[in-house]
Amino acid sequence: MATKKKQSVYSGIISKYRDWLPVKADTRIISLCEGRTPLIKLENIPKTLPAPVEIYVKFEGLNPTGSFKDRGMTMAVTQAVREGARAIICASTGNTSASAAAYAARAGIAAFVLIPEGKIALGKLAQAMMKGAVVIQIQGNFDDGMRLVKEVAKAAPVTIVNSINPYRLQGQKTAAFEIVDELGRAPDFHCLPVGNAGNISAYWTGYSEYAGMHTKACAFCTDSCVYGDRTAHISQRPKMLGYQASGAAPFLRGHMVDNTETVATAIRIGHPQSWDLAWAASRESGGWFAEFSDPEILRVQKLLAEREGIFCEPASAIAVAGAIQDIEQGRIPAGSVIACTLTGHGLKDPDTAIKQSSAPVLKVDAKLESVKKAILDNMK
Ligand code: F0G
């Protein structure tokens, strides 16, 4: 009997994009096979829009811990371990803490996570706790946590794995590579939620590198580029569109804001750390920022679930809310190819989902007649 040829096993973004990442040949890679997330073409929502467009969603909720953070965390923890770190630390609105906990567990080092008390989704907290992180709830918000983490890292032997760690953005830029590899081109527009502003900066770096260029957002390309010369894979880069919740919209206000509030707790951030990089991405690409109220965010989260079968968390839905609005207002023209990053899975935040769901949960007797009646009464 002929033996089947063994396929090479996918082993994460560092192995896949090693030539594009600052990783030494002998480095031990800490990976959970992150990346290779699906790029799903929306079928039903575009039909309701005034202009014919192609909208693709990069479903980053399908990473190992349910968010895009894993792309950055594999790089940050790999480098931390290489440098001999025995503990990592982060401030988080939830997803970074879940990811840090997972990669620390994988590496066999400790993770300390600072989270705003009462303001992180249950699924995220459960992940950090299960994976053995030391969870430190602070009576403050993410911005307070970030300030404390920076201070404590000067006084204790812990490596910061927030996106101010340059290795984080390096890992996250691989999502742009995947999109181009799959589409065979860059999209015309790239829409994504903006909180701490690392991800928009990372995507811009990724697209720029694939266009044979270097950006300010790449900490490894400043004086002498670690990668040397690149041949361009793409001739044009997308316009980067960043969306924020109205209650936490420093890029719309033009300055840092205090007292943030939004149902999209993942992006409840008033003092984004990658402020300059995100502005550079927006300006260099010819993009813009826009904001959405909580009811608008939740409406689009539900729309994606009901019309496309895709369940993302509230913060992620803002990317599609932005695309829809910009198409309706004509800022995104007919014929455009649009990519939206769905940054996190809907299962991260079941409370918010159940609270706003209008789907009937029927209670009936355990009898054929009752079940049949429930079906016939509720046919679409
Ligand atoms: N979407 C989700 C689901 C997030 O968790 C975050 C950030 C963002 C979008 C915004 O990305 O910060 O790169 O602009 N979450 C961080 C955390 C802050 O702690 O999990 P960004």
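Select Gly 108 to begin: it is exposed, because its relative accessibility is 63% (exposed means over 50% relative accessible area, buried under 20%, and partly exposed in between, with a 1.4 Å probe and protein chains only). Gly 108 belongs to the loop that runs between α3 (95–107) and β4 (110–116). Helices here are DSSP runs of H or I with at least four residues, strands are runs of E with at least two, and both are numbered from the N terminus. Now add Ala 87 to the selection: its C-alpha atom is 9.3 Å from that of Gly 108, though 21 residues separate the two along the chain.

Before going further, note that this is a predicted model, in which local features need pLDDT of at least 70, side-chain atom pairs count only at pLDDT 80 or more, and totals for chains, interfaces and linings use all residues. Residues are numbered from 1 along each chain as its sequence is written, and side-chain values use heavy atoms, with hydrogens and water left out.

**Helix α2**

Select residues 69–82, which form helix α2. Its end C-alpha atoms are 20 Å apart, which agrees with the 20 Å that its 14 residues should span at 1.5 Å a residue. The expected span is 1.5 Å times one less than the number of residues. Is α2 enclosed, or is it open? It is largely enclosed by the rest of the structure, because 13 of its 14 residues are buried. Then click on Gly 84, which follows α2 and has a positive phi near 90°.

**The ligand**

Select the ligand next and show what lies around it. The ligand is surrounded by 20 residues, and the closest are Thr 93, Thr 96, Asn 196, Ala 197 and Thr 343. A residue counts as near the ligand if one of its heavy atoms lies within 4 Å of it.

Three polar contacts can be picked out here, a polar contact being a pair of N or O atoms within 3.5 Å; within protein, one must be able to donate a hydrogen and the other to accept it, and residues adjacent in sequence count only if both atoms are side-chain atoms.

- Ser 92: a polar side-chain atom is 2.8 Å from an oxygen atom of the ligand.
- Thr 96: a polar backbone atom is 2.8 Å from an oxygen atom of the ligand.
- Gly 198: a polar backbone atom is 3.2 Å from an oxygen atom of the ligand.

The ligand taken alone exposes 470 Å², and the protein buries 99% of that. These areas come from the Shrake-Rupley method with a 1.4 Å probe, and for residues only the protein chains shown count as cover.

Where does the ligand sit? It sits in the largest cavity. A cavity is a set of points, on a 1 Å grid over the protein atoms alone, where a 1.4 Å probe fits but cannot get out. To sit in one, a molecule must have more than half of its atoms within 2 Å of the grid points. Colour α3 and α8 (198–210): these are the elements that give two or more residues to the shell around the ligand.

**Ala 197 and Cys 33**

Stay with Ala 197, which is in the loop between β7 (189–193) and α8. Ala 197 counts as buried because its relative accessibility is 4%. Its phi is positive, about 75°, although Ala 197 is not a glycine. Most residues other than glycine have a negative phi.

For another such case, select Cys 33, in the loop between α1 and β1. Phi of Cys 33 is near 65°, a positive value in a residue other than glycine. With a relative accessible area of 39%, Cys 33 is partly exposed.

**Tyr 17 and helix α7**

Tyr 17 is in the loop between α1 (13–16) and β1 (39–41). Tyr 17 is buried, with a relative accessible area of 4%. Show Thr 174 with it: the pair is 157 residues apart in sequence, yet 7.3 Å apart in space, C-alpha to C-alpha.

Thr 174 is one of the buried residues of α7, and Phe 177 and Val 180 are also among them. Helix α7 covers residues 174–183, and seven of its ten residues are buried. Gly 184 follows α7, with a positive phi near 75°.

**Helix α12**

Finish at Ser 316, in helix α12 (residues 314–328). Ser 316 counts as buried, at 0% relative accessibility. Its C-alpha atom is 8.3 Å from that of His 345, and the two are 29 residues apart in sequence. The helix itself is mostly covered, with 13 of its 15 residues buried. Gly 330 follows α12 and has a positive phi near 80°.

Key:
On a 1 Å grid over the protein atoms alone, a cavity is a set of points where a 1.4 Å probe fits but cannot get out, and a pocket is an open set with protein on both sides within 12 Å along at least five of seven lines; lining residues have an atom within 4 Å of a point.
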